[in-house]
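Visitor: I'd like a close look at one part of this protein, please. Could you pick a place where two helices meet and walk me through it?

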Amino acid sequence: MARSALWYAGSDRNAYIHRAWMRRGLPSDAFDGRPHIAIANTASDLTPCNMHLNEVAEHVKRGVWETGGVPLNLPVVSLGETNVRPTAMLWRNMAAMAIEEMLRANPIDGVVLLGGCDKTIPALLMAAASVDLPAVVVPGGPMLTGTFRGAALGCGTDVWKLSEEVRAGTLSGADFLRSESSMIRSKGHCNTMGTASTMGLLAEVLGMTLPGLAGTPAPDSRLLEGAHETGRLIVEMTAVGRRPSQVMTRGSFLNAIIALAALGGSTNAVIHLLAIAGRLGVELTQDDFDRTGSRVPLLVDLQPAGRHLMDDLYRAGGLHAVLNEIGDLLDPAAITVTGRPLLDHLHGAKVHDREVIRPRHQPLQDDAGIAVLYGNLAPDGAVIKPAAASPHLLQHHGPAVVFDSVEDLHARLDDLDVTPDSVLVLRGCGPKGYPGMPEVSNMPLPPKLLAQGVRDMVRICDGRMSGTAYGTVVLHVAPEAAAGGPLGLVRTGDMVILDVENRRLDVDLSAEELAARRPSPAMVEAFARPDRGWQRLYVETVQQANTGADLDFLVGSSGDHVPRESH
């Protein structure tokens, strides 16, 4: 029996109420046991990357109707990365919790998840994992490439580059502003290998999209075709009971880690994959990213690690062509929402442009992926993306220049006593401290160094970095300063040792010296102290970055059962 029949079947008063209020033009056979499919839709005018998802939803509906289901639009919490303050990450868990509760509470048999912008696909997958109803993702897709001064613009990555050129005096402020209208050319999310592109592609590697759909540009009519096919697929999935817990296994997550490395994907994927796995009860740790992905070659020449953009990846053969290059590394038992192994869908995938997708024997970088560092500065770990870093800085020894908050950084950055060997340390930006882990770890470089031609230096932070950003940035330091981590004890002038090859991050101080120190009063004063609402709940219950920064009471799955009637 369909789950929705628990609401609609029968002739008593409650069944009457459930059916009558849902009629609104639906025929009586809409309640005869056919599957009711929610379309969890993150479309919002305030989430610019997701504005087009209402159109995508209409095409999902066509496929659901065609296959005998009843499609139902379900607007859900939407998080626009570029607009919400203090950071979209503060609400990822709230969005996941709200979506989870709405999926469980309503008379539905399956769900199509529409997302694009950075936090929307992770939140949707966390929710779907917790409820474990048949579910499938339609990624909203990247925008088309913009151009400025005759060159391609990568949204995000070129914002950082152009703004540094302004600060270095090599680009006028007027030209910088002139590029603004060129950067965002069409509907869709960021066209670099940022978090949005990364999580859309990894949703497919996890098995949670129609094979071949992820990475389709948002304006491409094939996205709408795939949305229609997804509407058909979800009806089939409800008929056989194919659920996220059957698709997203440990092997699927390890495949995602391998793909993350080959794609040069965002460091934010570490936190999101850990959180999704936590909802499923899948054993996955931060160290799996290093063990499984750190020796995988970087094959995709895309910004920020390379030159090209998402249009180019799609044209060059897309995700399947990349996965075909590393197929021998993937778990052959991991399945997709079709019920067939992921590897089955890769047959015949070809690379059409070797400048964009490199051959396995001629990678952009031999050992890509995420490196996980430990040491007396990061007892529970920190991460760095070597593909986005400067090779000469991956082993570095330099004096710390410490900032107690983002505001402290902005106030002092332009008048610092620094050299290219200095290590910028920003703290108070973790889950509890900010709150919500803002994308501030890729700190701007001091103007003094920019004027000398310096374009990278070692930076360390307990916050996050935009997936579109680049540089030798150590982030997700755990425990964060606000949770008592040793990052809160570092002082300007302390010697910091970064050794990526040996996976170490240390400050050159004895254990006794660190134990004797007390946190900076200015840093403590800057920590978040919300007194009500979601922010208070978040600060009191959020876990650290090394486990996914989920709320402690949301880890694990509760299933789809609702034991009590509403009337």
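Guide: Gladly, and please keep in mind that this is a predicted model. Let's settle on α4 and α21, which are roughly perpendicular to each other. Helix α4 covers residues 89–105 and helix α21 residues 533–541; their axes come within 10 Å and cross at roughly 95 degrees. That angle falls in the range of 65 to 115 degrees, which counts as roughly perpendicular.

Now for the residues that meet there. On the α4 side the contact is made by Met 89, Leu 90, Trp 91, Asn 93, Met 94 and Met 97, while α21 brings Trp 534, Gln 535 and Tyr 538. Sorted by class, the contact has seven nonpolar and two polar residues, with no charged residue. As background, nonpolar side chains tend to be buried together in soluble globular proteins.

Staying with α21, you will find Trp 534, Tyr 538, Val 539 and Thr 541 buried. Helix α4 is part of what covers the buried residues of α21. Trp 534 and Tyr 538 are thus worth selecting in your viewer: both appear in the contact with α4, and both are buried.

To place this in a wider setting, the largest nonpolar core has 119 residues, of which Leu 125, Leu 202 and Phe 253 touch the most other members. Apart from that core lies another, of 26 residues, including Ala 382, Ile 384, Val 458 and Leu 489.

Notes
Residues are numbered from 1 along each chain as its sequence is written. This is a predicted model: local features need pLDDT of at least 70, side-chain atom pairs count only at pLDDT 80 or more; totals for chains, interfaces and linings use all residues. Side-chain values use heavy atoms; hydrogens and water are left out. A nonpolar core is a set of buried Ala, Val, Leu, Ile, Met, Phe, Trp, Tyr and Cys residues joined through side-chain atoms within 4.5 Å. Buried means under 20% relative accessible area, exposed over 50%, partly exposed in between (1.4 Å probe, protein chains only). Axes are lines fitted to C-alpha atoms, for helices over the stretch in contact, and angles run from 0 to 180 degrees between N-to-C directions. Helices (H or I, at least four residues) and strands (E, at least two) are DSSP runs, numbered from the N terminus. Angles under 35 degrees count as roughly parallel, over 145 as roughly antiparallel, 65 to 115 as roughly perpendicular and the rest as oblique. Contact means heavy atoms within 4.5 Å. Ala, Val, Leu, Ile, Met, Phe, Trp, Tyr, Cys and Pro count as nonpolar, Asp, Glu, Lys and Arg as charged, and the others, Gly among them, as polar.
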